[in-house]
Amino acid sequence: FEWQYLDLMKQIWTHGHERSDRTGVGTRSLFGATMRFELSDNAIPLLTTKRVYWKAAAREMLWFLTGDTNIRPLVAQGVHIWTDWPLDSYRKATGEEIDRDAFEARIIADADFAERWGDLGPVYGKQWTDWPVYEPVDAEPSLFRKRPKGINQIAELVESLRTNPGSRRHIFEGWNVAELDRMALPPCHKTYQFFVADGKLTGLLYQRSCDLALGVPFNIFSAALIIRMLAQQCDLEPGELIWNGGDVHLYLNHRELVETQLSREPHGAPRLDIVRQPDSIFDYRIEDFEVRDYTPQSHIAAPVAV
Ligand code: THF
């Protein structure tokens with residue numbers, strides 16, 4: 001499976017359009033790409049040409065499912081992948097030259113500080129589990145009131161997979177157009193669709209913007225993980241993950257990572273076991289996931305563009 005990733009990386013590095021981007025770093029991009037990953041026999045798309053910290057990705061997925069949008073619980077678990085955005089807004093707003101560790105320490109130590117500076121706005125978790133709904137006020141039909149509880153797309157998805165597996169509407173969506181401007185970052189992995197056939201659950205992820213070197217290794221693992229969790233909850237076998245990328249890019253400051261990784265060859269076939277069957281899709285814990293046969297080559301560090 002991993003050659004698809006390496007081939008895409010090579011393709012973009014050699015033929016990508018060089019463009020300046022929102023972050024100012026500069027990228028090479030290609031538009032439109034597909035990768036397919038087989039998930040049967042517990043196979044999991046975890047890259048072996050560099051170590052991928054899959055537990056951080058799994059913790060992030062569990063955090064999405066809680067509906068939380070504040071980085072505090074992530075930071076408390078040693079997951080740093082979302083810190084740079086709140087840190088950047090804090091620095092810009094206050095002018096304070098606080099470093100990342102000190103910022104994270106304050107997020108942990110001071111709940112008020114975390115509430116003020118640690119929130120990402122209505123990003124993934126919020127839209128997935130509590131998509132806002134507005135309804136007209138009876139007495140004044142031109143006024144709309146926000147329903148106390150929004151739509152839990154994940155709960156509804158589990159229900160629809162169980163009761164109407166043949167549906168073509170098994171979707172959850174992060175791209176809430178009306179709320180994009182309040183998000184620290186509009187969703188990259190924005191649409192998930194599912195398909196049931198022959199007792200197998202296949203998932204398709206459409207990702208509009210894909211940081212191939214840093215984000216995508218996490219994103220494909222996470223997407224495979226949610227397919228596995230949903231399959232377990234719905235008594236289905238895992239089928240495939242189909243990953244569709246829109247703007248797929250390599251940041252120009254990832255040259256060393258790209259060259260190192262392209263000089264390596266994949267080896268082994270990692271598996272993911274889910275060792276417990278929780279009562280609901282919202283009750284998974286990190287200890288429920290065990291990866292085996294994963295002997296990756298060394299981690300390759302690279303800076304994230306904010
Ligand atoms: N913005 C950019 N520029 N790239 C992204 O991948 C990205 N994301 C999320 C939101 N905005 C993004 C954040 N997800 C890492 C991994 C995932 C991220 C952000 C950063 C990262 O730095 N990974 C390193 C270190 C991991 C660690 O220390 O645990 C790595 O080597 O994998 C895509 O969803």
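Which residues in α2 meet which residues in α9? In this predicted model, W54, A57, A58, E60 and M61 in α2 meet F218, F221, S222, L225 and I226 in α9. The points below cover this helix pair, then an open sheet of six strands and a helix that packs on that sheet.

**Helices α2 and α9**
- Helix α2 covers residues 54-66 and helix α9 residues 215-233, and their axes come within 9 Å.
- The two axes cross at roughly 55 degrees, an angle between the 35-degree limit for roughly parallel and the 65-degree start of roughly perpendicular, and α2 and α9 are therefore oblique to each other.
- The crossing of α2 and α9 is right-handed.
- In the contact of α2 with α9, eight residues are nonpolar, one is polar and one is charged.

**The sheet**
- The strand order in the open sheet is β1-β2-β8-β7-β6-β5, with mixed pairing.
- β1 (17-19) and β5 (171-173) are at the edges and have a single partner strand each, so one side of each lacks a neighbour in the sheet.
- From one strand to the next, the twist averages 20 degrees.

**Strand β5 and its surroundings**
- β5 and β6 (residues 189-197) run antiparallel and are joined by three bridges.
- E173 has T191 in β6 as its bridge partner.
- Helix α8 (residues 153-163) packs on the sheet, where it touches β5 and β6.
- The direction of α8 makes about 170 degrees with that of β5.

Methods
Residues numbered from 1 in each chain as written. Predicted model: local features only at pLDDT ≥ 70, side-chain atom pairs only at ≥ 80, totals over all residues. Pairing = 2+ DSSP bridges. Helix = DSSP H or I, 4+ residues; strand = E, 2+ residues; numbered from the N terminus. Axes fitted to C-alpha atoms, helices over the stretch in contact; angles between N-to-C directions. Contact = placed C-beta atoms within 7 Å. Parallel < 35°, antiparallel > 145°, perpendicular 65-115°, else oblique. Left-handed = near helix turned anticlockwise from the far one by under 90°. Nonpolar A, V, L, I, M, F, W, Y, C, P; charged D, E, K, R; others polar.
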